Amino acid sequence: MSQIAVSDSLVLGRLLSRLVWQRLVSLLQENGRFAFKPMSVSPSRLLIAPQDIRTADPTIAEDIYAGRFTFAGHAIDAAEQSPFDVRPVAYEWAVELHGFGWLRHLRAANTVVNQSNARALVQDWVRSSGKRRKSVAWQTDVVARRLLSWLSQTPLLLEDCDPAFYKLFLRSLGRQVRFLRNAINSLPEGVQRMTVYIALVAASVAIDGYRRYLKQSLRRLDHELELQILPDGGHVSRNPMALISILADLLPVRQAILSRGESPTQTMMTAVDRMMPMVRFFRHMDGTFSHFNGMGATPSDLVATILAYDDARGQPPGNAKHSGYQRIACGDTLVIMDTGAPPPPALSETAHAGCLSFELSSGLNKIIVNCGVSTAGRETWRQVARSTAAHSTLTLEDTSSCRFLPTGYLSRILGQPIISGPGHVLINREETDESVSLATSHDGYAAPYSLIHERSLTVSRYGDTIDGADRLTWSSSTGKTALQDKYAVRFHLHPRIKAVMAGNGRDVLLTCANGEEWVFQSKDAIVSVEESIYLSDVFGHRKSAQIVIYGRVAKLSEVHWSFSRRMEPAAEIDAET
């Protein structure tokens, strides 16, 4: 255990050093150094509005007009008050309120009343929050989101407006652009920094007089794309949602650049071309994404819109080795597996301990899933969702294969990144005319237990059978004190799958919503069906079930299991009620 403490201390030291450096850069910027060149031009007019490709719902405009603001699963009735003067019910609620993404719903309603309401709410924000730099409204990611929202909704806000509002709006835009340019070097790594760069490029394209800053902003964005987008098109955080978020902002800005008679950079074009196949990589046939490393409910309409921009229609790779995922598509059967180590600690705030977990779907039926992440009661469920037990893989002694920074003083500063986990994840993929096979392993349990988790998985060419095995092997000759340790192999089921124990307690009949049937079998151990929870449903949390195989290392260190699609009638199975 002392090795873990030393390793964790080294990681924490690096994180603290990074934090101190970012604070130092921030102080230098406040003194006018180490920043973008100062802006000498105040905005005078807007030339173009980048498109907002996120889905809008005009019925939400009615609630906003009535003073009901529902964001991130929380609702506040502002009544006669400005929503910006109301005490936020949750941090996520405040982020969405001050981000102004909800303006798209008012624009979709396409009425004079909603146009007037939108202007009034912008004026309220400028009055109450426009200069309060210590509020949620002035976090860099929130400012970037608001800047993109305001720019894209200028037809709603500025059409036939009075000169006083036009002047107020432009003055606030300029203040926010300057804020982002001054904060640029102290931003944390990841999607937040990317969003800020995209917002600055959008401002340089859309605001008259800011074109002189375009090349500089594009160079910054190109550098960030090179850092964050991996060679196979995945994101360095390993969170599939990052791809959706980045493309939803980047694609309209790319189009706006073309509309102004400029050419997008080669780096931008190449990054988009690499990301598009990876969007398809994580997508099941029902349109939803696999739940890995922070991916929650899929914004299906937005994904469909993003894919409509894909002129190349590139096929998803099978082996996304840089991102740490494998995809096997045989017939109507799809298996997607997490075969990667955790991202760097600074990028692991949303990463999960789900190494070697997989999801399985057959046509439109999702069968095996991970629990996903919650939007309601997010903090309560966050650590549960990140644990190994919330994934369809093996857990040892009810512990996770990764260690997270515990809740406490440091977590209030650094969040809860992964501070240790699998360092070596091995993958061997073989494809023949009959099947596709994966042989994988990770050492996430090596330090505390001296055990290596190995998982093999073979999918038949037509997708009718999936044969798998989980085994625990010794990482060193000194670790055999773990003989009595307990393990559990979990397979979380989608809520629409009905599971019934069958036969001699080693089989489970799985019935899909459309009547398709699969049988899970284990020849080595007794299986059980237990309660689980699906966190990423668009309607909130849903009860589900999980298949679990329990064992001890000393008695059975290798478990074989299989899924097979049933062709004969279900009545032939001796089901246990």
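Strand pairing, helix packing and loop residues in the predicted model

Strand β11 is joined to strand β12 (residues 435–442) by seven bridges, and the two run antiparallel. The structure described here is a predicted model. Within this pair, Asn 428 stands opposite Ala 439 of β12. The connection from β11 to β12 is a hairpin of three residues.

The β11–β12 pair belongs to an open sheet of eight strands, arranged in the order β11-β12-β13-β14-β21-β18-β17-β16 with antiparallel pairing. The edges of this sheet are β11 (425–431) and β16 (498–502), each of which pairs on one side only. On average, and with direction ignored, neighbouring strands of the sheet are turned by 15° against each other. In general, the strands of a sheet are paired through backbone hydrogen bonds, in either a parallel or an antiparallel arrangement. Further along the strand order, β14 (residues 465–474) and β21 (residues 558–565) pair in the antiparallel sense, with seven bridges between them. One of the positions in this pairing is Arg 471, whose bridge partner in β21 is Glu 558.

A separate antiparallel pairing was found between β1 and β2 (residues 74–77), which are joined by four bridges. Phe 71 stands opposite His 74 of β2. The two strands form a hairpin with two residues between them, and Ala 72 in the turn has a positive phi of about 50°. The side chains of β1 (residues 68–71) alternate along the strand. Phe 69 and Phe 71 point to one face and are buried, whereas Arg 68 and Thr 70 point to the other face and are not buried.

Over the whole protein, 16 helices and 21 strands were assigned. Of the 577 residues, 55% are buried. Among contacts with a separation of 6 or more, 68% are between residues 24 or more positions apart.

Helix packing was examined for α6 (residues 140–152) and α9 (residues 191–206), whose axes come within 9 Å and cross at roughly 35°. The crossing of α6 and α9 is left-handed. On the α6 side, the contact is made by Thr 140, Asp 141, Ala 144, Arg 145, Leu 147, Leu 148 and Leu 151. Helix α9 contributes Gln 192, Thr 195, Val 196, Ile 198, Ala 199, Ala 202, Ala 203 and Ala 206. By residue class, the contact of α6 with α9 consists of ten nonpolar, three polar and two charged residues.

Helix α12 (residues 266–281) contains 16 residues and spans 23 Å from its first C-alpha to its last, close to the 22 Å expected at 1.5 Å a residue. Its buried residues are Met 268, Ala 271, Val 272, Met 275, Met 276, Pro 277, Met 278, Val 279, Arg 280 and Phe 281. These buried residues of α12 pack against both helices and strands. The helical partners are α10 (214–228), α11 (240–259) and α13 (300–308), and the strand partners are β3 (319–320), β4 (325–330) and β5 (333–338).

Positive phi values in residues other than glycine were also found in loops. Phe 100 has a phi near 65° and is located in the loop between α3 (91–99) and α4 (103–109). Phe 100 counts as buried because its relative accessibility is 0%, under the 20% cut-off. Glu 397, likewise not a glycine, has a positive phi of about 55°. This residue is placed in the loop between β8 (394–396) and β9 (403–404). With a relative accessibility of 30%, Glu 397 counts as partly exposed.

Ser 401 also lies in the loop between β8 and β9. Ser 401 counts as buried because its relative accessibility is 3%. With neighbours within four places in sequence left aside, the contacts of Ser 401 are Ala 353, Cys 355, Thr 388, Gly 421, Pro 422, His 442, Gly 444 and Tyr 445. One of these contacts, His 442, is 41 residues from Ser 401 along the chain, and the C-alpha atoms of the two residues are separated by 8.9 Å.

Terms used. Residues numbered from 1 in each chain as written. Predicted model: local features only at pLDDT ≥ 70, side-chain atom pairs only at ≥ 80, totals over all residues. Heavy atoms only, no water. Axes fitted to C-alpha atoms, helices over the stretch in contact; angles between N-to-C directions. Left-handed = near helix turned anticlockwise from the far one by under 90°. Contact = heavy atoms within 4.5 Å. Nonpolar A, V, L, I, M, F, W, Y, C, P; charged D, E, K, R; others polar. Expected span 1.5 Å × (residues − 1). Buried < 20%, exposed > 50% of the residue type's maximum accessible area, 1.4 Å probe, protein only. Pairing = 2+ DSSP bridges.
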